[in-house]
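Subject: Structure handover

Hello,

Here is the structure I promised to pass on. Please open it first, then read the notes underneath.

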Amino acid sequence: MAGFWDNEELIGKIEKNSREEIQIKKVEKSGKKYIDIRVFWTDGQSEEFKPSQKGVAIPYDRLNELKDLISSID
């Protein structure tokens, strides 16, 4: 989310469909670190993906809980 985060590092992308992708980023705002998992979209006119409001920023200190939840999925 260009301009909002003080610092961001793209970890990876998952294609959702031809016009949307999920981006996972390590981000920072005011000295606090988060994992941002967000849907990005394109209008098809350009190759640039833009952030949507569909997403969540998980505090970095809760990352182990997220990992445990994901690993429990069958």
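Strand 1 and strand 2 (residues 20-29) are a good place to begin. They pair in the antiparallel sense, over nine bridges. Together they form a hairpin, with two residues between the strands. One bridge can be named: Glu15 has Glu21 in strand 2 as its partner.

Keep in mind that this is a predicted model.

Now the overall layout. The protein has one helix and four strands. Reading from the N terminus, the order of elements is β-β-β-β-α. The four strands make an open sheet in the order 1-2-3-4, and the pairing is antiparallel. Strand 1 (7-17) and strand 4 (50-59) are the edge strands. Each has a single partner strand, so one side of each has no neighbour in the sheet. From one strand to the next, the twist averages 20°.

Some global numbers, in case you want them for setup:

- Extent: the C-alpha trace spans about 40 × 35 × 20 Å along its principal axes.
- Burial: 23% of the 74 residues count as buried.
- Surface: the accessible area is about 5,600 Å², and carbon and sulfur atoms make up 50% of that.
- Contacts: among those with a separation of 6 or more, 24% join residues 24 or more positions apart.
- Charge: there are 13 positive and 15 negative charges, and their mean positions lie 3 Å apart.

Three residues outside the strands and the helix deserve a look.

Start with Ser30. Where does Ser30 sit? Ser30 is in the loop between strand 2 and strand 3 (32-41). Its phi is near 50°, which is a positive value in a residue other than glycine. Most residues other than glycine have a negative phi. Is Ser30 buried or exposed? Ser30 is exposed, at a relative accessible area of 63%. The cut-off for that label is over 50%.

Next, Asp61. Asp61 belongs to the loop between strand 4 and helix 1 (63-71). Asp61 is exposed as well, and its relative accessible area is 68%. I also looked at Asp61 against Lys25. The two are 36 residues apart in sequence. In space, they are 15 Å apart, C-alpha to C-alpha.

Last, Phe4. Phe4 comes in the segment before strand 1. Which class does Phe4 fall into? Phe4 counts as partly exposed, because its relative accessibility is 40%. That value lies between the 20% and 50% cut-offs. Phe4 and Val27 are 23 residues apart in sequence. Their C-alpha atoms are 9.9 Å apart in space.

To recap the main points: four strands form an open antiparallel sheet, and one helix follows them in the chain. Strand 1 and strand 4 are at the edges. Ser30 has the positive phi, and Ser30 is exposed.

Over to you.

Best wishes

Methods
Residues are numbered from 1 along each chain as its sequence is written. This is a predicted model: local features need pLDDT of at least 70, side-chain atom pairs count only at pLDDT 80 or more; totals for chains, interfaces and linings use all residues. Side-chain values use heavy atoms; hydrogens and water are left out. Two strands pair if DSSP finds at least two bridges between them. Axes are lines fitted to C-alpha atoms, for helices over the stretch in contact, and angles run from 0 to 180 degrees between N-to-C directions. Buried means under 20% relative accessible area, exposed over 50%, partly exposed in between (1.4 Å probe, protein chains only). Contact means heavy atoms within 4.5 Å. Accessible areas come from the Shrake-Rupley method with a 1.4 Å probe; for residues, only the protein chains shown count as cover. Lys and Arg count as positive and Asp and Glu as negative; His and the chain ends are not counted. The place of a charge is taken as NZ of Lys, CZ of Arg, CG of Asp or CD of Glu.
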